[in-house]
Amino acid sequence: MIEPIISLRNVRKIYKMGDERIIALDHINLDFEKGKIYCLLGTSGSGKSTLLNLIAGLEKPTKGEIIFKSAHIEKMNEKQLANYRQKYIGFVFQSYNLLSSLSALENVTIPLIFRKIPKKKRIAKAQAMLKAVGLEKREKHKPSQLSGGQQQRVSIARAFISNPSIVFADEPTGNLDTKTTFEMMDLITNIAKANEQTLIIVTHDLEIAHYANTIIYIRDGNIEKIENTDNQTELGTTVE
């Protein structure tokens, strides 16, 4: 049996709002394998983004265990969590989250700065990464000078530049047109496959979900079903 890179055991997340308790996730048990593509699929409020935040160490579970290799994420302090994210995690966001005052090249180098990579080396790596996403002629452009698709390419380059073990793509195509959506999904999944990285996509869109090897359907904080796919994208509909 393949050893999972991330495991969740009886994970619960409860939010308190006054006297009310909201169960965002209820007894979740999941394994994620190295090099596989997963999709957390559900409507707004289903718990999929909460699940992503827990795996990424951005929030702590109310109960349960979240294990990365042999390390318990739920027991880490803030310094350990920051180190975990810097070393092992990459993010692709719906809103790109680029710094407007920096060029494309400078935005891509940010994860390497946190890892204290020498300037000359990080610039060379960022240039290679921008070339890989088709933006070698846009490295000096700032986000305001780039289209939405180009900004997302910069975001993808930034997510993958430090070769993280796991990449999260949170509604990565929500602000893009259909043609650009498929271009971005092809790009993200091809890079992840080439580097044998675990990719976890969060979406409400079945068209996006079919890029995954495994679709995890989430409803009201519970896993409704898990579907293994043939990894062939096909036209679908959004989950209502």
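# A tour starting from helix α4

Start by selecting Arg 122, Ala 126, Met 129 and Leu 130: these are buried residues of α4. Buried here means under 20% relative accessible area, exposed means over 50%, and partly exposed is in between (1.4 Å probe, protein chains only). Helices (H or I, at least four residues) and strands (E, at least two) are DSSP runs, numbered from the N terminus. The four sit on the same side of α4, because they cover an arc of only 100° around the axis, with the arc taken over the directions from the helix axis to the C-beta atoms. An α-helix has 3.6 residues a turn, so residues three or four places apart point the same way.

Before you go on, keep in mind that this is a predicted model, in which local features need pLDDT of at least 70 and side-chain atom pairs count only at pLDDT 80 or more, while totals for chains, interfaces and linings use all residues. Residues are numbered from 1 along each chain as its sequence is written, and side-chain values use heavy atoms, with hydrogens and water left out.

**Around α4**

Spin to the face turned away from the buried side and pick Lys 120, Lys 121, Lys 131 and Ala 132, which are exposed. Now colour α3 (104–114), α5 and α6: they are among what covers the buried residues of α4. Contact, in this tour, means heavy atoms within 4.5 Å. If you like checking geometry, α4 has 14 residues and reaches 20 Å from first C-alpha to last, close to the 20 Å expected at 1.5 Å a residue; the expected span is 1.5 Å times one less than the number of residues. Just after α4, click Gly 134, whose phi is positive, near 80°.

**Leu 105 and Glu 139**

Hop over to Leu 105 in helix α3. Its relative accessible area is 13%, so Leu 105 is buried. Leaving aside neighbours within four places in sequence, Leu 105 is in contact with Ile 123, Ala 126, Gln 127, Leu 130 and Glu 139.

That last partner is your next selection. Glu 139 is in the loop between α4 (119–132) and α5 (148–160). Which side chain of opposite charge is nearest to Glu 139? Lys 140 is, at 5.9 Å, and the buried Glu 139 has no salt bridge. A salt bridge needs a side-chain nitrogen of Lys or Arg within 4 Å of a carboxyl oxygen of Asp or Glu. For charges, Lys and Arg count as positive and Asp and Glu as negative; His and the chain ends are not counted. Not counting residues up to four places away in sequence, Glu 139 touches Ser 103, Ala 104, Leu 105, Gln 127 and Leu 130.

**Into the cores**

Next, show Val 108, Leu 130, Val 133, Val 154, Ile 156, Phe 160 and Leu 199: they have the most contacts inside the largest nonpolar core, which has 40 residues. Helix α6 (residues 178–194) gives this core its largest share, six residues. Another core lies apart from it, with 29 residues, among them Ile 28, Ile 66, Ile 73 and Ile 200. A nonpolar core is a set of buried Ala, Val, Leu, Ile, Met, Phe, Trp, Tyr and Cys residues joined through side-chain atoms within 4.5 Å.

Zoom in on Val 154, which touches Leu 98, Ala 104, Asn 107, Val 108, Leu 130, Leu 135 and Leu 146, with residues up to four places away in sequence not counted.

**Salt bridges**

The count comes to seven salt bridges. Select Arg 153 and Glu 183, whose closest N and O atoms are 3.7 Å apart. Arg 153 lies in helix α5 and Glu 183 in helix α6, so the pair ties together parts that are 30 residues apart in sequence. Add Lys 179, which meets Glu 183 in a salt bridge (2.6 Å, N to O). Shared partners join Arg 153, Lys 179 and Glu 183 into one network. Lys 179 is exposed at 60% relative accessibility, while Glu 183 is partly exposed at 29%.

For another pair, go to Asp 31 and Arg 9, with the closest N and O atoms 2.8 Å apart. Asp 31 is in strand β2 (residues 20–32) and Arg 9 in strand β1 (residues 6–17), 22 residues apart.

**Last stop: Leu 30**

Stay in strand β2 and pick Leu 30, buried at 5% relative accessibility. Its contacts include Arg 9, Leu 51 and Ile 216. Leu 30 and Ile 216 are 186 residues apart in sequence, yet 9.4 Å apart in space, C-alpha to C-alpha.
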